[in-house]
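Colleague: I would like a close look at a single part of this model, with its surroundings described in one go. Please keep to what the coordinates show.

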Amino acid sequence: MKIQWLYIFLASSFMLVGCDNLLDKDPRDTFINNKGFWSNDNQISSYSNGFYEFYGTARSFYFTSLNDDQANPSFDNWTFTTVPNKSASYSGNFSKVRQINYMLDGLETSTLSTAKKTSYAAIARLNRAWIYYQLVKMYGDIQWESHVIGDINSDEVYGPRTDRDVVIDSVLQDLNYAIQNIPNNTADKTLWSKEMALAMKSDICLYEGTFCKYRTQADNGKAPDLTRANRYLQECVDASEELRTSGKFQLNSWTPNTAGKIYTIYNSLDLSTNKEVIFYNHYEKDVKSHGLCDFTCSSTTQSGITKDAVDAFLFKDGKPLSTTTLNKNDEARRNAKGHYSIAHLLNNKDKRLSLLIDSIICFKNHGWIRNEPSPNGPLPAEMTSSTGYSVYKYDNPQMELYYRTNANTNYTDIPLFWLATVLLNDAEAKAEMGTITQADLDNTVNLLQTRAELPPLTLNPTADPANNMGVSNLIWELRRTRRCELMCDLDYRYWDLVRWHQLDKLDSNLHPTINYGANIHQLTDKTGLSVVGDYLKATSSTRSFNSKYYQYPIPSNELELNEKEGMKQNPGWE
């Protein structure tokens, strides 16, 4: 990890932690790396608060549109189609590892009580696990650092990358240490807790288990390992079940308020007492804010939901597009106000779809103002979407118009770990191991199905002709449920396709409906619009898949700095 040479510090004074822009903690900007610093409880607490900024922000939702669920107006492509000279994803994550390891090394000389040191070490190891998980997902084999490396000429800096399986085994050790030593905490869900660590373990172990099951030697550099896969899938189940059966969390009901509106964990002004949420990012009016709502209710053309994604949602009879007996006409119908409505389609579909998108489609020359004005003010701007399907999921008209429609004034809270994801992880891991029962389904994904007003999933669902992943009918349906439940959230979809070895589904030449939108058959004048048959086309751009995209390329600067043999480029990027 050649970034070490970028971070050579004086022996007595170091500049490491910047201002925390995530959960509004208060880390120090500088610290003196000596025994006294690491023996001061307040200073270590302040230092460790800097780790909160390692997690998702509002930009982790909606804006990560390199997937088959959304179509950016310019149609996102892989940003690493060629080998970069440098990469913040690489060097930035390694600087975080170094930041964490300074704390772990410092605690070894600290005069704090053993209990205090253990607690802080658990926080540090939890965050090291998270950062290494990100690095392994992107780069595969990566150097593992368990301590700060002082000698920049060390083999640990310039030696070969550590096998990614070995790194993830170390990640699991860090996670288990954190779970054992971080206290339970559901009183303040913006703080580290055993529950948050369990949810992280659930995510990471599901990823590792399925990745190891479906990976290939040609594309990933390692063949499938079913023994390893099942070990990690069971670790996922253990963590998920501990959370699920704890009684501390429960799904929210989607009950309309007195105005007939439904607000979820995605557009809430306060998640502090929300029982579905395990860990979240708190924003506060006039103090700490974001722009997620603005981008989904303003004049900026939205990265609309695709036809492929809309078609993935089941009908209320529990059947997919190809086999439903309900009305599946997706043609947008012109209403009395001259707008084009898909309310008839939404009424027959999984309720999650009607919470994700608006019933009115809006597109070039046919803009629309969301019919939920903010209080005490005029309406927001007219909206358009690249596909016609506009994203409603994150908007909250309860905010005053100024706070709702400016890029850095929104203050809805943002969930980072929550129960629905844990339930999805639990069911999928058991299905992949072949141990799932009907009771398991009823205790996990069928709770989500009920909330979405769908029939329960059974162990032997009817085959869907759209199943193009080569998996069983049950696993196909579990993947569908996950897609629909987590659409536009935290880049889950992209990394799900990676771990299932299905990244080719992002090739728009092979799967053109990921670039299509709403059915505008009733529109008589389609001048200036890109249309395929009756469907809007988001852009004329296309995206081609290459198997080398399963791993990011190692930046060329890192390879050039390696003066010893060992560090090799990832497959396909040589």
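Which residues line the second largest cavity? Please start there and work outwards.

Modeller: This is a predicted model, and what follows is computed from it. The second largest cavity is lined by Val136, Lys137, Gly140, Arg164, Tyr207, Phe211, Asn220, Tyr550 and Gln551. Its volume is about 50 Å³. By class, that lining has four nonpolar, three polar and two charged residues. H4 and H7 each supply at least two residues of the lining.

Helix H7 covers residues 194–214 and packs against helix H19, residues 492–499. The two axes are 8 Å apart and make an angle of about 35 degrees. On the H7 side the contact is made by Asp203, Leu206, Tyr207, Thr210, Phe211 and Tyr214. H19 contributes Tyr492, Trp495, Val498 and Arg499. Seven nonpolar, one polar and two charged residues make up this contact. Tyr207 and Phe211 thus appear both in the lining of the second largest cavity and in the contact of H7 with H19.

H4, H7 and H19 also take part in the largest pocket, as elements that give two or more residues to its lining; helix H3 (88–109) and strand E9 (414–418) do so as well. The pocket has a volume of about 1,300 Å³. Its lining consists of 41 residues, and those closest to the centre are Ser60, Thr64, Gln134, Asp491 and Trp495. Trp495 is also one of the H19 residues in the contact with H7. The largest share of the pocket lining comes from H4, with six residues. By class, the lining of the largest pocket divides into 19 nonpolar, 12 polar and 10 charged residues.

H4 leads on to the nonpolar interior. The largest nonpolar core has 147 residues, and the members that touch the most others are Tyr55, Leu126, Trp192, Ile305 and Phe417. Helix H4, residues 114–139, gives the most to this core, with 15 residues. Another core, of five residues, lies apart from it and includes Cys297, Cys362, Trp368 and Met383.

Two members of the largest core are worth following. Trp192 lies in the loop between helix H6 (164–181) and H7. With a relative accessible area of 9%, Trp192 falls under the 20% limit and therefore counts as buried. Beyond residues up to four places away in sequence, Trp192 touches Ser48, Phe51, Tyr52, Tyr55, Ile123, Leu126, Asn127, Ile182, Asn185 and Phe279. Tyr55 and Leu126, among these partners, are also among the core members with the most contacts to other members. Trp192 and Ala343 are 151 residues apart along the chain, and their C-alpha atoms are separated by 42 Å.

Ile305 is the other. Leaving aside neighbours within four places in sequence, Ile305 is in contact with Asp69, Gln70, Val310, Leu356, Ile357, Thr387, Tyr389, Val391, Met487 and Cys488. Leu356 and Met487, two of these partners, also line the largest cavity, together with Trp254, Thr264, Tyr266, Phe313, Arg352, Leu355, Lys393, Cys484 and Glu485.

That brings in the other cavities for comparison. The structure holds seven cavities of 30 Å³ or more, and the largest has a volume of about 120 Å³. Helix H13 (351–356) and helix H18 (473–485) are the elements that give two or more residues to the lining of the largest cavity. H13 gives the most, with three residues. By class, this lining has seven nonpolar, one polar and three charged residues.

Two loop residues complete the picture. Tyr263 is placed in the loop between helix H9 (226–244) and strand E4 (277–281). Its relative accessibility of 24% lies between the limits of 20% and 50%, so Tyr263 counts as partly exposed. Leaving aside neighbours within four places in sequence, Tyr263 is in contact with Asn257, Glu372, Tyr392, Asn396, Pro397 and Gln398. His290 lies in the loop between E4 and helix H10 (292–295). His290 is buried, with a relative accessible area of 5%. Not counting residues up to four places away in sequence, His290 touches Ala58, Tyr283, Asn406, Ala407, Asn408, Thr409, Asn410, Tyr411, Thr412 and Ile414.

Key: Residues are numbered from 1 along each chain as its sequence is written. This is a predicted model: local features need pLDDT of at least 70, side-chain atom pairs count only at pLDDT 80 or more; totals for chains, interfaces and linings use all residues. Side-chain values use heavy atoms; hydrogens and water are left out. A nonpolar core is a set of buried Ala, Val, Leu, Ile, Met, Phe, Trp, Tyr and Cys residues joined through side-chain atoms within 4.5 Å. Buried means under 20% relative accessible area, exposed over 50%, partly exposed in between (1.4 Å probe, protein chains only). Helices (H or I, at least four residues) and strands (E, at least two) are DSSP runs, numbered from the N terminus. Contact means heavy atoms within 4.5 Å. Axes are lines fitted to C-alpha atoms, for helices over the stretch in contact, and angles run from 0 to 180 degrees between N-to-C directions. Ala, Val, Leu, Ile, Met, Phe, Trp, Tyr, Cys and Pro count as nonpolar, Asp, Glu, Lys and Arg as charged, and the others, Gly among them, as polar. On a 1 Å grid over the protein atoms alone, a cavity is a set of points where a 1.4 Å probe fits but cannot get out, and a pocket is an open set with protein on both sides within 12 Å along at least five of seven lines; lining residues have an atom within 4 Å of a point. Grid points are joined across faces, edges and corners, and a volume is the space filled by probe spheres set on the points.
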